[in-house]
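Open the structure in your viewer and keep the selection panel at hand. The tour goes stop by stop.

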Amino acid sequence: MRGARVANGINTVHLSYVRQGTGHALIGARQWIPREQASDPVTSLATGLPPGLRFRTKGQLAIDICADAYADGVAFDFICGDEV
């Protein structure tokens, strides 16, 4: 650990679709890769990351997931987000 944070932690950003009285379903997800891993070619290669992977913040990943869902025809009444 460096300075109270995990330097090599990979997290997942999820999109869950919820309908009142019906339930919810996970309809999208992206892996968040730390900038240090995505930008270091040696680390990227050693961990099996695809070549040319560019760093995206969790917020950017969430926007990407929502845009893909919308393009697939999913209609949203509203969107909520939380970033740890």
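Here is a walk from the whole chain down to single residues.

**Whole chain**

Keep in mind that this is a predicted model. Start with a cartoon view of the full chain. You should find three helices and two strands. Trace the elements from the N terminus: they run β-β-α-α-α.

Now switch on the surface. The accessible surface comes to about 6500 Å². Carbon and sulfur atoms own 55% of that surface. Colour by burial next. The protein chain has 84 residues, and 21% of them count as buried.

For a contact map, look at pairs at least 6 apart in sequence. Of these contacts, 45% join residues at least 24 apart.

**The largest pocket**

Next, show the largest pocket. How much space lies in it? About 650 Å³. Its lining is made up of 23 residues, and those closest to the centre are His14, Leu15, Ile79, Cys80 and Gly81. Select these five and centre the view on them.

Then select residues 11–19, which form β1, and 58–71, which form α3. Each of these two elements supplies at least two residues of the pocket lining. Which element gives the largest share of the lining? That is β1, with nine residues.

Colour the lining by residue class. You get 12 nonpolar residues, six polar ones and five charged ones.

**Strand β2 and Leu26**

Move to residues 23–32, strand β2, and pick Leu26 within that strand. Is Leu26 buried or exposed? Leu26 has a relative accessible area of 57%, so this residue counts as exposed, the cut-off being over 50%.

Show the contacts of Leu26, leaving aside neighbours within four places in sequence. His14, Leu15 and Ser16 remain. Two of these names, His14 and Leu15, are already on screen from the pocket centre. Now draw a distance from Leu26 to Ser16, C-alpha to C-alpha. The label should read 4.3 Å, although the two residues are 10 apart along the chain.

**The cysteines**

Finish with Cys66 and Cys80. Which of the two is buried, and which is exposed? Cys66 has 14% relative accessibility, so Cys66 counts as buried, because the limit for that class is under 20%. Cys80 has 66% relative accessibility and therefore counts as exposed. You have met Cys80 before, among the residues closest to the pocket centre.

How many disulfides does the structure hold? Zero.

Conventions
Residues are numbered from 1 along each chain as its sequence is written. This is a predicted model: local features need pLDDT of at least 70, side-chain atom pairs count only at pLDDT 80 or more; totals for chains, interfaces and linings use all residues. Side-chain values use heavy atoms; hydrogens and water are left out. On a 1 Å grid over the protein atoms alone, a cavity is a set of points where a 1.4 Å probe fits but cannot get out, and a pocket is an open set with protein on both sides within 12 Å along at least five of seven lines; lining residues have an atom within 4 Å of a point. Grid points are joined across faces, edges and corners, and a volume is the space filled by probe spheres set on the points. Helices (H or I, at least four residues) and strands (E, at least two) are DSSP runs, numbered from the N terminus. Ala, Val, Leu, Ile, Met, Phe, Trp, Tyr, Cys and Pro count as nonpolar, Asp, Glu, Lys and Arg as charged, and the others, Gly among them, as polar. Buried means under 20% relative accessible area, exposed over 50%, partly exposed in between (1.4 Å probe, protein chains only). Contact means heavy atoms within 4.5 Å. Accessible areas come from the Shrake-Rupley method with a 1.4 Å probe; for residues, only the protein chains shown count as cover. A disulfide is a pair of cysteine sulfur atoms within 2.5 Å.
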